[in-house]
Amino acid sequence: MNLQTGPHWHAYAYTSPPGVTPDDEEWSLDPDDWLKRPAAEIVATLLEPEEAATWMQQQLAAYPPWSEGAHGYVHATLYTRQYLHRQQDQTPWAHYVDRHDRVVVRVLAACPRPRPPSRPAELYAWETPVPPCPLAKPEP
Ligand SMILES: [Zn+2]
């Protein structure tokens with residue numbers, strides 16, 4: 001697979017020990033935070049939107065929620081496919097407590113991340129550049 005040419009998604013997963021509230025540094029819903037971490041933390045790289053949607057579905061099924069109505073679980077079930085297919089500047093995520101009282105965080109970070117259509121190509125002064133692909137070979 002060629003990661004340089006096409007958009008793809010890096011899947012990140014954090015699951016806390018039972019009953020433990022994670023520190024803020026351990027998890028995030030911001031894809032940039034994850035892309036800056038070591039490439040070893042990538043649990044899967046998906047090349048097609050449907051592959052990425054299937055990964056999220058499998059995660060949600062493997063970690064059933066404490067409550068089916070949990071916001072961060074419902075969000076993932078409702079919006080993952082929409083974000084992957086039609087709103088690629090949005091990041092699919094899940095964040096909820098599972099039946100074993102573990103905090104489950106799942107993020108599909110688009111790479112390279114598309115700019116929202118409403119935004120100019122140039123960065124605003126307060127914005128930082130999108131992190132490079134963690135799997136890209138460093139420049140010689
Ligand atoms: Zn990448």
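Biologist: Leaving aside neighbours within four places in sequence, which residues is Ala52 in contact with, and what makes each of them a contact?

Modeller: Beyond those neighbours, Ala52 is in contact with Trp9, Leu46, Leu84 and Leu108, and each is called a contact because two residues count as such if their C-beta atoms, placed from the backbone, lie within 7 Å. This is a predicted model, in which local features need pLDDT of at least 70 and side-chain atom pairs count only at pLDDT 80 or more, while totals for chains, interfaces and linings use all residues. Residues are numbered from 1 along each chain as its sequence is written.

Biologist: What makes a set of residues a nonpolar core, and which members of the largest one touch the most others?

Modeller: A nonpolar core is a set of buried Ala, Val, Leu, Ile, Met, Phe, Trp, Tyr and Cys residues joined through C-beta atoms within 7 Å, where buried means that 20 or more other C-beta atoms, placed from the backbone, lie within 10 Å of the residue's own (12 or fewer is exposed, in between is partly exposed). The largest such core has 26 residues, of which Trp9, Ala52, Met56, Ala94, Val107, Leu108 and Ala109 touch the most other members. Its largest share, eight residues, comes from strand 4.

Biologist: How do you know that strand 1 and strand 4 are paired?

Modeller: Strands here are DSSP runs of E with at least two residues, and helices are runs of H or I with at least four, numbered from the N terminus. Two strands pair if DSSP finds at least two bridges between them, and eight bridges join strand 1 to strand 4, which run antiparallel; among the bridge partners in strand 4 are Cys111 for His8 and Val105 for Tyr14. Strand 1 also pairs with strand 2 (residues 44-46) in the antiparallel sense, over three bridges, with Trp9 opposite Leu46.

Biologist: Why are strand 2 and strand 3 called edge strands?

Modeller: The open sheet has four strands in the order 2-1-4-3, with antiparallel pairing, and strand 2 and strand 3 are its edges in that each pairs on one side only.

Biologist: How does the span of helix 3 compare with the expected value, and where is its kink centred?

Modeller: Helix 3 (residues 71-85) has 15 residues and reaches 22 Å from its first C-alpha to its last, close to the expected 21 Å, the expectation being 1.5 Å times one less than the number of residues. The kink of about 45° is centred on Tyr79, the bend being the angle between axes fitted to the seven residues ending there and the seven starting there. Tyr73, Ala76, Thr80, Tyr83 and Leu84 of helix 3 are buried, and the buried residues of this helix pack against helix 2 (49-62) and strand 3 (93-97).
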